[in-house]
Amino acid sequence: MKITIVGLGLIGGSIAKALAVSKKHEIYALDVNEDVLLDAMSSGVIRNKAAFEDLTDSDVVYLCMYPEGILDFVRANASHFGKNTIVTDVCGIKTQVYSKIKAVSEENGFIYIGAHPMAGKEVNTFAASDAALYFGASYILIKDNAPKEAFEKLESLAKEMQFGRIVYTTPEEHDKMIAFTSQLPHVLACAYVMSPECPKHVGFSAGSYRDVSRVAKINEVLWTDLFLSNRESLVDEIDILIDNITKIRNAVDSADADELKALLAKSREVKEIYG
C-alpha cells in the first residue's frame, strides 16, 4: 500500500517503523520538524516527505497529532484526500473529534475511520518511537457505516504492526472507558507526586513508587487537551476515586480495622477477577 503518516512523534513514528519492517509499503510523512523527516528518510523508515498529491493517492493516511491539530488538518486538506483514501486518526478521545471529522469526510467524499492505538511511553518523540511499541496492544476502531473493505485494510495493517487485539466500540463508550483506564491513572500519578514528601523519596522508594508515579512524567500540553476534551467522563471517574480514597482514609483515621480490612479485601478481589 501507499501510506502517508502526518506527524512523526512517538505514535506516528512507531507506526512508520512497524510498517517499514516488511518493506512492502511505500511510506511517506509530513511533520513540522524538518530534522525529524530527514532522520526518518535517512534511516529508511519513510520513502520521502509527502506532498498534497500523496494525500490524494494514498491507500491510508494516519493522522498522528493532537486532537485540535487533527481537526485543523482535515478541514484544511479535505479537498486533497482521494475518494478511496482511508483517513484514520490515533486520537485518545473520540466523542468530540469523531463526529466532526466524519461530517467533513461525508461532505468531501473520502473515507474516515476513527481509531486509537492503546500504547505509549512517557516521551513523545520520533527518537523514542519503536517498531515494537504495539506488540500485543489493543487497536480500537469506531464501528460505523464505512466500507467493510476499509475496516479490513486497517485490521490487516494493525496485525502487521503486531497489535494483539482489535476492539470495536462507539465514540461514547470509548471515551467513558479511556477516562478510567488511561486518563484517571495520569490524574492519580500527578496528584501523587505533588506530595511534599516526593523530593525525599530516594532511598525509601521501590517498585510501588515507580509503578504509581511513572505516568506523572506527562506531556502537559497533550494531556490538558485530552482531559478537557473528555471532561465529563473524567470528572465522573475522579469523583468515584475520591469517594473510594475517602472511605479508606476514614477507616484509617478512625482506626476501624474491620472496615479497612473489608475495603482492602474488596480491592484485592476485584483485581484478582478482572486483572
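Modeller: Buried means a relative accessible area under 20%, exposed means over 50%, and partly exposed lies in between (1.4 Å probe, protein chains only). The model is predicted, with pLDDT of at least 70 needed for local features and 80 or more for side-chain atom pairs, while totals for chains, interfaces and linings use all residues. Residues are numbered from 1 along each chain as its sequence is written, and side-chain values use heavy atoms, leaving out hydrogens and water.

Colleague: How many salt bridges does a search of the whole structure find?

Modeller: Side chains of opposite charge can pair when their charged atoms come close. A salt bridge is counted when a side-chain nitrogen of Lys or Arg is within 4 Å of a carboxyl oxygen of Asp or Glu. Searched in this way, the whole structure gives a count of 13.

Colleague: In the pair of Asp57 and Lys2, how many residues apart are the partners?

Modeller: Their side chains form a salt bridge at 2.7 Å, N to O. Asp57 is in helix H3 (residues 52-57) and Lys2 is in strand S1 (residues 2-6), so named because helices (H or I, at least four residues) and strands (E, at least two) are DSSP runs numbered from the N terminus. The pair thus links distant parts of the chain, and the separation is 55 residues.

Colleague: Is Lys2 buried or exposed?

Modeller: Asp57, its partner in the salt bridge, has 46% relative accessibility and counts as partly exposed. Lys2 has a relative accessible area of 13%, so Lys2 is buried.

Colleague: Which side chain meets Glu26 in a salt bridge?

Modeller: Glu26 belongs to strand S2 (residues 26-30) and is partly exposed at 33% relative accessibility. The partner counts as exposed, at 53% relative accessibility. The N to O distance is 2.9 Å, and the partner is Arg47.

Colleague: How many residues apart in sequence are the parts tied together by Glu122 and Arg214?

Modeller: The two side chains meet in a salt bridge of 2.3 Å, N to O. Glu122 lies in the loop between strands S7 (115-118) and S8 (138-142), and Arg214 in the loop between helices H8 (207-213) and H9 (220-229), so the separation is 92 residues.

Colleague: With which residues is Val187 in contact, leaving aside neighbours within four places in sequence?

Modeller: Val187 sits in helix H7 (residues 171-193). Contact means heavy atoms within 4.5 Å. Once those neighbours are set aside, the residues in contact with Val187 are Phe227, Leu234 and Ile238.
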